[in-house]
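Grab a coffee and open the viewer. Below are some short exercises, each with a solution worked step by step.

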Amino acid sequence: MVTMRDVAERAGVSIATVSFLLNDTKPVTPATRARIEQAMAELGYRRNVVARALASRRTRIIAMAYPALEHRFGMSTAEFFTAAAERARAQEYHLVLWPVGNDGVELRELLGQGLVDGVVLMEVQLADPRVEVLRETGTPFALIGRTTELDGLAHVDIDFDATVEAAVGHLYEVGHRELALISGDLADPRFHEYGPWVRSEAAYRRVVAEYGLRTVVEPSSDTTLAGRETAERLLQEHPETTAILVANEYATLGVVSALKRQGRDVPRDISVLSLLMVPEVAALSDPELTFLRTPGHELGRLGIEALIRQLDGAAPLPPQLVPATLTAGGTVGPPPH
């Protein structure tokens, strides 16, 4: 078995210097680091992660807390995970996914085991119980999302105001004046005070009022079937609608399906615009969806960066709001004459 003594002899340094590098307890010059890492590679030395954690009181592990039982995984979600994992690895941290509930109970139990150095919260509610748990336990954390009270909280999020402004502005420029939003169902206990849906709907109500347009909002849960049923109800109650915005990627696919079932051509008879989506999901629709591209890669990276700066004692990352970007597809066209 290769030991630290073997590595030290091969690199021409003391055992203490090798220990400083492995346990991150004292700075080592770049040249010395390179020699030690080369010796480790040549000898096949493997770091003892547990010993390192005990010595430094740090595990170099970050948890991303995602309430998987309450919120479905989607392609957009996957982008947040992969970008966060890449950023963590680049900073010599490991990322693990904690699919814990958003009531904070299971999170508290996991934190008590000392498994991670810090936590990134996803699917944030306006009043999120997990925030108080993290504060009480003294665990460093950052949010991908926003609570109502943000004092002292490291956070990054989608700029929902700018995103909705871009969506409504695009439809207005094309000529649409009869718009409707299929929003999230905030009456669903899983999504009570769910930040993205609350902020998207609030922004929509504000923007259409500024354009002097009628406000039509229909709630829908996050399934394709629910989107289909909501679209059918919307067209019965508001047959004059010429463009529909949808706040969930699964529901959007159901909306397009419902329109086709009713003999409505998309976009000749009615346009559909998804507020937040990724290209892989947009391509599942026929025609391919016009959508606002979720900034998952950027927010995943920024969320990890905000946390790692806390862990490493660096200057805090300022709060970041990133808008989604309009991506042309085949579901938006001029309104019928």
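Two strands count as paired if DSSP finds at least two bridges between them. Helices (H or I, at least four residues) and strands (E, at least two) are DSSP runs, numbered from the N terminus. You're looking at a predicted model, so local features need pLDDT of at least 70 and side-chain atom pairs count only at pLDDT 80 or more, while totals for chains, interfaces and linings use all residues. Residues are numbered from 1 along each chain as its sequence is written, and side-chain values use heavy atoms, with hydrogens and water left out.

**Exercise 1. Find the strand order of the mixed sheet, and name its edge strands.**

Step 1. Strands of a sheet pair through backbone hydrogen bonds, either parallel or antiparallel. Trace the partners here and you get an open sheet of six strands, E7-E6-E8-E9-E10-E12, with mixed pairing.

Step 2. Strand E7 (217-220) and strand E12 (325-327) each have a single partner strand, so one side of each has no neighbour in the sheet.

Step 3. On average, neighbouring strands of this sheet are turned by 20 degrees against each other, direction ignored. For angles, axes are lines fitted to C-alpha atoms (for helices over the stretch in contact), and values run from 0 to 180 degrees between N-to-C directions.

Step 4. Zoom in on strand E8 (residues 243-246) and strand E9 (residues 271-277): they pair in the parallel sense over four bridges. Val246 sits opposite Ser274 in E9.

Step 5. Now add helix H11 (residues 249-261), which lies across strand E6 (179-184), E7, E8 and E9 and runs at about 170 degrees to E9.

**Exercise 2. Work out the strand order of the parallel sheet, then see which strands H5 touches.**

Step 1. This one is also an open sheet of six strands, ordered E2-E1-E3-E4-E5-E11, and its pairing is parallel. Strand E2 (94-98) and strand E11 (320-322) are at the edges, each pairing on one side only.

Step 2. Strand E1 (residues 61-65) pairs with E2 in the parallel sense over five bridges, with Ala63 opposite Val96 in E2.

Step 3. H5 packs on the sheet and touches E1, E2 and E4, its direction making about 150 degrees with that of E2. Contact here means heavy atoms within 4.5 Å.

Step 4. Three bridges join strand E3 (residues 118-121) to E4, and the two run parallel. Val119 is opposite Phe141 in E4.

Step 5. In a regular strand the side chains alternate between the two faces of the sheet. Strand E4 (residues 141-144) has Phe141 and Leu143 pointing one way and Ala142 and Ile144 the other, and all are buried. Buried means under 20% relative accessible area, exposed over 50%, and partly exposed in between (1.4 Å probe, protein chains only).

**Exercise 3. Buried or exposed: where does Glu79 fall, and what does Glu79 touch?**

Step 1. Locate Glu79 in helix H5.

Step 2. Glu79 has a relative accessible area of 8%, so it is buried.

Step 3. Skip its neighbours within four places in sequence, and Glu79 is in contact with Val278, Arg293, Thr294, Gly296 and His297.

**Exercise 4. Do the same for Arg130: buried or exposed?**

Step 1. Arg130 is in helix H7 (residues 129-137).

Step 2. With a relative accessible area of 0%, Arg130 is buried.

Step 3. Not counting residues up to four places away in sequence, Arg130 touches several residues, including Ala65, Asn102, Leu121 and Glu123.

**Exercise 5. How many cavities of 30 Å³ or more are there, and what lines the largest cavity?**

Step 1. Rolling a probe the size of a water molecule over the atoms shows where empty space is left. On a 1 Å grid over the protein atoms alone, a cavity is a set of points where a 1.4 Å probe fits but cannot get out, and lining residues have an atom within 4 Å of a point. Grid points are joined across faces, edges and corners, and a volume is the space filled by probe spheres set on the points.

Step 2. Searching the whole structure turns up one cavity of 30 Å³ or more. The largest cavity holds about 520 Å³ of space.

Step 3. It is lined by 30 residues, and Ser76, Thr77, Glu123, Tyr194 and Pro196 are the closest to its centre.

Notes. On a 1 Å grid over the protein atoms alone, a cavity is a set of points where a 1.4 Å probe fits but cannot get out, and a pocket is an open set with protein on both sides within 12 Å along at least five of seven lines; lining residues have an atom within 4 Å of a point.
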